[in-house]
Amino acid sequence: MALRLGLPLRDMEMVQFHPTGLLGGKDTRMTGTVLEEGLRGAGGHLLDGNGRRFMFDYDEHGERATRDIVSRGIYAQMRSGHTTPNGGVYISMGHLGADNVRNKFRGMVKRCADCGFDLAGGRVEVVPTAHYFMGGLVCDPDTTTELPGLFVAGEDASGMHGANRLGGNGVANSTVFGGVAGDVMSSYAASAGPHQDPDETIIEAEISRALHPFSKKPGNVNSLREDLMDIMWDNVGVMRTAEGIKRGIGQIRQLKAELLETGVGEFDTIFNVTWNDWLNLRSLAETSEMIAQAALSR
Ligand SMILES: Cc1cc2nc3c(=O)[nH]c(=O)nc-3n(C[C@H](O)[C@H](O)[C@H](O)COP(=O)(O)OP(=O)(O)OC[C@H]3O[C@@H](n4cnc5c(N)ncnc54)[C@H](O)[C@@H]3O)c2cc1C
């Protein structure tokens, strides 16, 4: 919304990857679900497809290095070809004692079991996963933006974490600045005077923008969404090159054009999940292009 309004955005390319997203294969939507940092903190090992512990090749802190270092280490290891059956690496906790792991990490053990993995005693396939967005709207510390009456707090805002958020500071950011926004907005509302009349031309333009997919022949929105994920992972992912980013931008633009020609079936605006997916995908594609452009500029 801010991008469409032309408001200034900052650090849009700064996407934090969490090193250990569950890798459950193509048949489950659990892939990418985070396996918590505490597993590495407690002494979990990361092993490549050959069972070799590799993180000390990349950093003296091994698995306990920061998220960006571990994510890059895993990604480099994956590129070298020593991967697990699904193309990632393993996290292994068994050496810490299966009962101990079960007691300390009950939720994680259950999550892995749901995907057929034994976290307590065996190995679980993991892969870096897009986790947190450091970029966002430019705002002042009191959450005001360039647009009077628009306030921003939490992950949509930018500048609180620099280029690399430390674990645990995300919720703090959202709650602290959410509280600030509440105070500032109530004073603003009390002093801002009566509402302005809405601009009918803007409303009409937004309605026609939203209804666009009903005017097109139905297509496969989900497969386009998966294409976008692949484009971003391959070209604008954990490790980036100018050449790859440019290729990514070209592919995103192509996908956006394809999406605009893809419809969602019969006109039905009530609880229409496909329509919702279409609208989300359009925003995702626009944001993806912005991430890639910002990365290229940097
Ligand atoms: C798997 C995972 C684990 C995490 N673990 C931690 C952790 O342990 N510690 C930590 O500090 N941080 C953690 N984070 C980060 C932290 O949880 C988030 O940064 C934080 O919750 C973001 O809060 P928010 O209110 O800014 O945004 P959100 O929680 O994303 O809230 C935005 C809300 O807006 C709604 N919304 C979106 N579009 C619209 C629309 N058009 N109209 C109306 N509503 C809309 C969404 O449905 C959502 O409810 C984690 C993040 C993830 C993904």
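The exercises below, each with a worked solution, concern a predicted model and treat its domains, its ligand surroundings and one of its salt bridges.

**Exercise 1. Domain arrangement**

Determine how the protein is divided into domains, and how far apart the C-alpha centres of domain 1 and domain 3 lie.

Solution. Begin with the division itself, in which domain 1 covers 15–132, domain 2 covers 134–191 and domain 3 covers 200–292. The separation then follows from the C-alpha centres, which for domain 1 and domain 3 lie 31 Å apart.

**Exercise 2. The contact between domain 1 and domain 3**

Describe the contact between domain 1 and domain 3 by its residues, its buried area and its polar pairs.

Solution. As a start, count the residues on either side: 11 residues of domain 1 are in contact with 8 residues of domain 3. Next, take the area buried between the two domains, which is about 820 Å², with carbon and sulfur atoms giving 69% of it. On the side of domain 1, the residues that lose the most area to domain 3 are F17, R29 and Y75, which together account for 55% of what that side buries. Turning to the polar pairs, the search between domain 1 and domain 3 returns 0 salt bridges, and likewise 0 residue pairs in polar contact when both residues are at pLDDT 80 or more.

The side of domain 1 that touches domain 3 can then be traced to β2 (15–22), α3 (67–79) and β5 (123–133), each of which supplies at least two residues, with α3 giving the most, namely 6 residues. Sorted by character, the residues of this side comprise 7 nonpolar, 1 polar and 3 charged.

**Exercise 3. The ligand**

Identify the residues around the ligand, and find which polar atoms of E155, G168 and V171 lie by its oxygen atoms.

Solution. The surrounding residues are V34, H131, Y132, G154, E155, R165, G168, N169, G170, V171 and S174. For E155, a polar side-chain atom lies 2.6 Å from an oxygen atom of the ligand. For G168, by contrast, a polar backbone atom is involved, at 3.0 Å from a ligand oxygen, and for V171 a polar backbone atom is 2.8 Å from an oxygen atom of the ligand.

**Exercise 4. A salt bridge in α3**

Explain where R72 and D68 stand relative to each other in helix α3.

Solution. The whole structure holds 15 salt bridges, and one of them joins R72 to D68, with the closest N and O atoms 3.6 Å apart. Because R72 and D68 are 4 residues apart in helix α3, they are separated by about one helical turn.

Conventions
Residues numbered from 1 in each chain as written. Predicted model: local features only at pLDDT ≥ 70, side-chain atom pairs only at ≥ 80, totals over all residues. Heavy atoms only, no water. Domains from an automatic or database assignment. Contact = heavy atoms within 4.5 Å. Buried area = accessible area lost by both parts, 1.4 Å probe. Salt bridge = Lys/Arg side-chain N within 4 Å of Asp/Glu carboxyl O. Polar contact = N/O pair within 3.5 Å; in protein donor to acceptor, adjacent residues only side chain to side chain. Nonpolar A, V, L, I, M, F, W, Y, C, P; charged D, E, K, R; others polar. Near = heavy atom within 4 Å.
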